[in-house]
Amino acid sequence: MSADCIFCKIAAGTIPSKMLYEDEDVIVFHDIRPLAKTHFLIVPKAHIETLKDCTVAHQSLLGKMMLLAAKLAAEQGLVGYKTMMNVGREGGQEVFHIHLHVFGGGAVA
Ligand code: AMP
Ligand code: ZN
């Protein structure tokens, strides 16, 4: 938990979100500024700033995030979809707590 991290606050329930899924390791919620008709974020509860900070110790967590993307996309009725993780400021990352984007159903105008 990082005190000034928005995704830690969402995981702790101190900031509201449109929650889709939660278990002991991850939370999943709809993006507040959706770039597609369906756009949700798969977020580990542990505060990890970027993919660059991950080691082999995070291997199963990262795999779990990918498999959850497929499971939740199917539950949302998405036949095809995109997954994306922005890494570092130069990679377009704005929130420095890792998250996997899932986009489906076409771009929002
Ligand atoms: P990134 O550029 O990969 O760091 O993406 C951060 C994403 O978090 C953006 O798509 C934002 O719209 C989204 N976001 C920021 N604050 C919130 C929030 N309070 N609830 C849901 N999504 C958020
Ligand atoms: Zn955090």
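Here are legends for a few close-up views of ligand 1 and its surroundings in a predicted model.

**View 1. Ligand 1 in its pocket.**
Let's start with where the ligand sits: ligand 1 takes up the space of the largest pocket. A shell of 16 residues surrounds ligand 1. Among these residues, the closest are D31, E94, V95, H99 and H101. Sorted by type, the shell around ligand 1 has 7 nonpolar, 6 polar and 3 charged residues.

**View 2. Helix 1 and strand 2 beside ligand 1.**
Now look at the pieces of secondary structure. Helix 1 (6–12) and strand 2 (26–30) each bring at least two residues to the shell around ligand 1. Which element gives the most to that shell? Helix 1 does, with 3 residues.

**View 3. Polar atoms facing each other at ligand 1.**
Time to zoom in on single atoms. The side chain of D31 has an N or O atom 2.5 Å from an oxygen atom of ligand 1. For I32 it's the backbone that takes part: one of its polar atoms is 3.2 Å from a nitrogen atom of ligand 1. H101 joins in too, with a side-chain N or O atom 2.8 Å from an oxygen atom of ligand 1. On its own, ligand 1 would expose 510 Å², and the protein buries 90% of that.

**View 4. H101 and its partner H39.**
Let's stay with H101, which belongs to strand 5 (residues 100–107). Is H101 buried or exposed? H101 counts as buried because its relative accessibility is 9%, and the cut-off for buried is under 20%. Besides its link to ligand 1, the H101 side chain makes a polar contact of 2.9 Å with the side chain of H39.

Definitions and conventions. Residues numbered from 1 in each chain as written. Chains lettered and ligands numbered in written order. Predicted model: local features only at pLDDT ≥ 70, side-chain atom pairs only at ≥ 80, totals over all residues. Heavy atoms only, no water. Near = heavy atom within 4 Å. Polar contact = N/O pair within 3.5 Å; in protein donor to acceptor, adjacent residues only side chain to side chain. Areas by Shrake-Rupley, 256 points an atom, 1.4 Å probe, with all protein chains shown as cover. 1 Å grid on protein atoms, 1.4 Å probe; cavity = no way out; pocket = protein on both sides within 12 Å on 5 of 7 lines; lining within 4 Å. Sits in = over half its atoms within 2 Å of the grid points. Helix = DSSP H or I, 4+ residues; strand = E, 2+ residues; numbered from the N terminus. Nonpolar A, V, L, I, M, F, W, Y, C, P; charged D, E, K, R; others polar. Buried < 20%, exposed > 50% of the residue type's maximum accessible area, 1.4 Å probe, protein only.
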